[in-house]
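User: Please take me through this model one point at a time. Keep the answers short and end each on the item asked for.

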Amino acid sequence: MTSLHIRTALLRHPQLSVALDKQVLLKMENTQPAGSFKLRGIGLLCQRAVAAGASHLICPSGGNAGFAAAFAGAALGVKTTILVPQTTSAEVGRRISEIGAEVIVHGSVWDETNQRALQLCEQPGSVYIPPFDHPDIWDGNATMIDEAVLQARELGVDFDVVICSVGGGGLMSGVLSGLHRNGLPHIPLIAVETEGAASLHAAVQAGELVTLPAITTIAGTLAAKRVAAECFAWTQRHEVHSVVVSDAQAVAAALAFADQMRTLVEPACGAALAVAHEKLPVLAPYQRPLIVVCGGIGVSLAMLANWKAQFSL
């Protein structure tokens, strides 16, 4: 089965490496054809579903997972319906429809959108494509670590910690699966959320899964009120440092990344970058951090300018 995703570059971040006196590595998942790491896991899930007989893919998503599912559906030649909540921007909806998927706006929050998607999946041939909570998604996302391990060795730099953003937990679960299947269970993970969407952090503090009462972050693609059970379970069997940054810190890091690396990323991605950009204490013990640049389609020059003005950066 030929992968829908591509092998992305592993780059050194020159400015952060100097500022931190570390070797800061970047896994450039923003360069995936669908704009984010989501194509790895969502793409694999869609491929396996179609191979098993699916003729209609249905995905409830605030943006990036839906775009990845739409991309996969087009590549596989099957009907794809993406359901988005009312909070998803019209621009994101337009981008998804432009690549051939049907877009349905339903619900004020993702939970309502999800319920409608599950109803549609009762039709024959239809398959539910969750945005983050599925073993095939974690399996596909783990391929970025398969690549990164080989690429880091080619550069002569073995990373000693991984930093990634956490929404529903699909990326985190994939990264940790990848570390374990590559014989690196000792490499810690710094899991980053924004204030107002920190469901993993709440779960870690409570010692059990927690459902947030509301989402209040601008990092919409991190907007999961409750992380996947598998994501939380990983915190019980792997060294995970749960970190929360502000929206302002996430935006500042995204702006700096645009200036320094000439690349636009969402605040959801800026959250992971903020750990290095803000020189957070959690990073102090490590010398060769690998940051997953998860990307995202919900960003533009105008949006970055608006966020900059909003936070007076």
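## Charged pairs, sheets and exposed sites

User: What is the relative accessible area of Arg94?
Analyst: Arg94 is partly exposed. On this scale buried means under 20% relative accessible area, exposed over 50% and partly exposed in between (1.4 Å probe, protein chains only). For Arg94 the value is 36%.

User: What kind of model is this, and which atoms do the side-chain values use?
Analyst: This is a predicted model, where local features need pLDDT of at least 70 and side-chain atom pairs count only at pLDDT 80 or more, while totals for chains, interfaces and linings use all residues. Residues are numbered from 1 along each chain as its sequence is written; with hydrogens and water left out, side-chain values use heavy atoms.

User: Which residue meets Arg94 in a salt bridge?
Analyst: A salt bridge here is a side-chain nitrogen of Lys or Arg within 4 Å of a carboxyl oxygen of Asp or Glu. The partner of Arg94 lies 4 residues away, about one turn along helix α4 (residues 90-98); helices (H or I, at least four residues) and strands (E, at least two) are DSSP runs, numbered from the N terminus. That partner is exposed, with a relative accessible area of 54%. At 2.2 Å, N to O, the residue is Glu98.

User: Which two residues form salt bridges with Arg40?
Analyst: In one pair, Arg40 and Glu29 have their closest N and O atoms 2.7 Å apart. This pair links helix α2 (residues 38-51) with the loop between β2 and α2, across 11 residues. In the other, Glu147 comes to 2.8 Å from Arg40, joining helix α7 (residues 143-155) to α2 across 107 residues. Buried like Arg40 itself are both partners, Glu29 and Glu147.

User: How many salt bridges does the count come to, and which residues are linked in a network of them?
Analyst: By the 4 Å rule the count comes to 12 salt bridges. The linked residues are Arg48, Asp136, Asp139, Asp146 and Arg181.

User: Glu193 is buried; how far away is the nearest side chain of opposite charge?
Analyst: Glu193 sits in strand β8 and has no salt bridge. Its side chain does have a polar atom 3.0 Å from the backbone nitrogen of Ser199. Among the residues Glu193 touches (contact means heavy atoms within 4.5 Å) are Val166, His201 and Val244. Lys and Arg count as positive, Asp and Glu as negative, with His and the chain ends not counted; the nearest opposite charge is Arg226, at 12 Å.

User: Which strands are the edge strands of the open sheet of 6 strands?
Analyst: The order is β1-β2-β10-β7-β8-β9, with mixed pairing; two strands pair if DSSP finds at least two bridges between them. Each edge strand pairs on one side only, and these are β1 (10-12) and β9 (240-245).

User: What residue in β10 does Val162 stand opposite?
Analyst: Strands β7 (residues 161-165) and β10 (residues 289-293) pair in the parallel sense over 3 bridges. Val162 stands opposite Leu290.

User: At what angle does helix α12 run to β7?
Analyst: Helix α12 (residues 267-277) lies across β2, β7, β8, β9 and β10. Axes are lines fitted to C-alpha atoms, for helices over the stretch in contact, and angles run from 0 to 180 degrees between N-to-C directions. To β7 the angle is about 145 degrees.

User: Which strands stand at the edges of the sheet of 4 strands?
Analyst: This open sheet has the order β5-β4-β3-β6, with parallel pairing. Each edge strand has a single partner, so one side of each is left without a neighbour in the sheet; the two are β5 (102-105) and β6 (126-128).

User: What is the bridge partner of His56 in β4?
Analyst: Strand β3 (residues 56-60) runs parallel to β4 (residues 79-84), and 5 bridges join them. The partner of His56 is Lys79.

User: What is the phi of Arg262?
Analyst: Arg262 is found in the loop between α11 and α12. The residue is exposed, with a relative accessible area of 68%. Phi is positive although Arg262 is not a glycine, at near 55 degrees.

User: Where is Ser312, and what is its phi?
Analyst: Ser312 is in the segment after α13 (301-310). It is exposed, with a relative accessible area of 65%. Its phi is positive, in a residue that is not a glycine, at about 50 degrees.

Note on methods:
A polar contact is a pair of N or O atoms within 3.5 Å; within protein, one must be able to donate a hydrogen and the other to accept it, and residues adjacent in sequence count only if both atoms are side-chain atoms. Lists of a residue's contacts leave out its neighbours within four places in sequence.
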